[in-house]
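Hi,

Here is the model I promised to pass along. Have a look at it first, and then my notes on what turned up are underneath.

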Amino acid sequence: MIGENVKFKDYCDVIFTSKVVGIFSDKYEDVKYENDYLYWSKKTKSYRPFREKDMESIYLEVETYGGKTDFITLNEVIDG
């Protein structure tokens, strides 16, 4: 997912395409994407898939073509 382009709407409903430069979570410190969103579990010392209830804690750092950095939630990403 990092390095890929995503489409999203801003607060004015304008659609943008930006490159993902980071994946973060309000709930977990270490997050990555490998066919699924994964977090580092200190308890099991391994990457575990996010539970559905925790998916809303994930946000993406995106960089626009002008070099501006923004943060968006997964709910803001437009499929296709």
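Lys32 sits opposite Leu38 of strand 4. Keep in mind that this is a predicted model. That pair belongs to the contact between strand 3 and strand 4 (residues 37-41), which run antiparallel and are joined by three bridges.

Strand 4 also pairs with strand 5, again antiparallel, this time over four bridges. If you want a residue pair to click on there, try Trp40, whose bridge partner in strand 5 is Tyr47. Strands 4 and 5 make a hairpin with four residues between them. In that turn, Lys45 has a positive phi of about 55°.

Put together, these strands give an open, antiparallel sheet of three, in the order 3-4-5. Strand 3 (31-33) and strand 5 (46-49) are at its edges with a single partner strand each, so each has one side without a neighbour in the sheet. On average, neighbouring strands here are turned by 40° against each other, ignoring direction.

Now the other sheet. How many strands form it, and in what order? Five, running 7-6-2-1-8, in an open sheet with antiparallel pairing. Its edge strands are strand 7 (69-73) and strand 8 (77-78), each of which pairs on one side only. Strand 8 goes with strand 1 (residues 5-9), antiparallel, over two bridges. Phe8 is the residue to look for there, as it stands opposite Val77 in strand 8.

As for the chain as a whole, don't go hunting for helices: there are zero, against eight strands. Reading along the sequence you just get β-β-β-β-β-β-β-β.

A few overall numbers, in case you want them:

- The C-alpha atoms fill a box of roughly 40 × 25 × 20 Å along the principal axes.
- The chain has 80 residues, and 29% of them count as buried.
- Taking contacts between residues at least 6 apart in sequence, 38% join residues at least 24 apart.
- About 5,800 Å² of the chain is exposed, with carbon and sulfur atoms supplying 47% of that.
- There are 12 positive and 16 negative side chains, and the centres of the two sets are 8 Å apart.

That's what I have for now. Shout if anything is unclear.

Cheers

Terms used. Residues are numbered from 1 along each chain as its sequence is written. This is a predicted model: local features need pLDDT of at least 70, side-chain atom pairs count only at pLDDT 80 or more; totals for chains, interfaces and linings use all residues. Side-chain values use heavy atoms; hydrogens and water are left out. Two strands pair if DSSP finds at least two bridges between them. Axes are lines fitted to C-alpha atoms, for helices over the stretch in contact, and angles run from 0 to 180 degrees between N-to-C directions. Buried means under 20% relative accessible area, exposed over 50%, partly exposed in between (1.4 Å probe, protein chains only). Contact means heavy atoms within 4.5 Å. Accessible areas come from the Shrake-Rupley method with a 1.4 Å probe; for residues, only the protein chains shown count as cover. Lys and Arg count as positive and Asp and Glu as negative; His and the chain ends are not counted. The place of a charge is taken as NZ of Lys, CZ of Arg, CG of Asp or CD of Glu.
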